[in-house]
Structure formats: structure tokens, C-alpha cells
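Q: Please take a close look at the nonpolar core of this predicted model. A connected account of that part and of its surroundings would be welcome.

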Amino acid sequence: MKQLTSYNRVAGYLNKLFDLLNQRFFESALSRPTITIQSTPRAYGHFSMRDDTWVSVTGSSNEINIGAGTLARPIENVCATLLHEMVHYYCHVNGIKDTSRGNTYHNKRFKEIAESHGLTVSHHEKYGWTITEPNDELLKQSKSARPSGSVKGRELKVHVQRESILAGPLCKGPKIGKQSMPRGSAEN
């Protein structure tokens, strides 16, 4: 049986996840960016480095995008993608150069910071230290952050349809390695 869940509800859930991860892994040092859900070809997510990616009457903000098709993965993997992009955000705010080659190659600084913030990092031949998975601490955190009520199980099936998304059993979204592809690449 399929259930209809509003886009705003899933976006709100991602904002809550951001707040939980920010508190646990960054001591609430990051201001909340605009979190979007869009198709991201060949990526699970991306971070936009411009401080004014989104501008409103309340001010401007960066953007973290989570690929709509990738929400079909287990919640711990969605948390790992969000945390991966939060590490880029942390590096940006603190003036840490975590990538090179046009922001596509993840260097050892990214690896060190990601591993100190809830991720296990492996090397990809082309993109560097970009393959991220949840470590034990993040797995424990993500189990307490599961959605309640509207979605059963550990997966979300997401299809963007005007102003709503369809949530149901696992669907096969785009997969590239084990984790998100680098921010700032031409595909993003």
C-alpha cells in the first residue's frame, strides 16, 4: 500500500535531521542552510558554496541538496549523505580547503574531518576520499532519527510530482559507488 506524503513534510524531516546531526557532530556550529530535494544526476547530494544561493526577506543561505531518487535508501545512508554535505559546509565556513580539481577531488583534509564527524571514508580513484558510509556513532544516531507515522520500514520511495512525493516500498534510485559524488562537479 502506498502513502502520499507532502514534499514539505520530507523537507521538514531533512531539516530536523540536519538539526540533530548539527547538534551531535558540530556542536550546533552550522546555521541551517536551505535544504532542497531535487534530481542530482550522478550524485546523492551536493553543497552550494555561495553564501547567497538562496535569498529571502530573512537573509541569505547556502544550499544542501539531497537527490530525490536517493531518498529510497535506508535512513542511515540518507543521514550519511546529509552529513557528507554538512562536512563540506563546515569546511566552507571554516576556510578549510577540502577539495581540489574544481571541487571534485576530496582530499585528506576532507577525510580527516569527515571521520571525526560520524563518517567512515574510503578512497575513489577519480574523486579521492569521497566514498562515505555511516560509522557506528552515526548508525546509532540514525536509528533514533527514523521517520514516524507516514513511512513504514527503513526506506522511502520518492517521486517528485508537482508539490507532493509518493512514499512507499524501496525503489531503485541512481547508485554511484557507496556515497555521494563530489560537490561542485559539472553534473551537479
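A: The account below begins with the core and then turns to the cysteines, a loop and a hairpin.

In this predicted model, the largest nonpolar core has 34 residues. Within that core, Leu82 and Met86 are the residues with the most contacts. Two or more residues each come from H1, E2, strand E6 (63-67), helix H2 (75-93), helix H3 (108-115) and E9. Of these elements, H2 gives the largest share of the core, 10 residues.

The surroundings of Leu82 can be listed in detail. Leaving aside residues up to four places away in sequence, Leu82 touches Leu14, Leu17, Phe18 and Leu21, together with Ile35, Ile64 and Ile66. Helix H1 spans residues 7-26 and strand E2 spans residues 34-38, while strand E6 covers 63-67.

Two cysteines may be considered next. Cys79 is buried, with a relative accessibility of 1%, and Cys91 is likewise buried, at 0%. The structure nevertheless holds zero disulfides. A disulfide would be a covalent bond between the sulfur atoms of two cysteines. For the count made here, a pair of cysteine sulfur atoms would have to lie within 2.5 Å, and the structure contains zero such pairs.

The loop between helix H1 (7-26) and strand E2 (34-38) deserves separate attention, and Glu27 has its place there. Phi of Glu27 is near 55°, a positive value in a residue other than glycine. Ser28 is also in the loop between H1 and E2, and its phi, near 60°, is again positive in a residue other than glycine. Most residues other than glycine have a negative phi. As to accessibility, Glu27 is exposed, with a relative accessible area of 73%, whereas Ser28 counts as partly exposed at 46%. The class boundary that separates these two residues is 50%, because exposed requires a relative accessible area over that value.

The final region involves E9, one of the elements that give two or more residues to the core. Strand E9 (residues 119-124) runs antiparallel to strand E10 (residues 128-134), and five bridges join the two strands. A hairpin of three residues connects E9 to E10. His124 stands opposite Gly128 in E10.

Methods. Residues numbered from 1 in each chain as written. Predicted model: local features only at pLDDT ≥ 70, side-chain atom pairs only at ≥ 80, totals over all residues. Heavy atoms only, no water. Helix = DSSP H or I, 4+ residues; strand = E, 2+ residues; numbered from the N terminus. Buried < 20%, exposed > 50% of the residue type's maximum accessible area, 1.4 Å probe, protein only. Pairing = 2+ DSSP bridges. Core = buried A, V, L, I, M, F, W, Y, C linked by side-chain atoms within 4.5 Å. Contact = heavy atoms within 4.5 Å.
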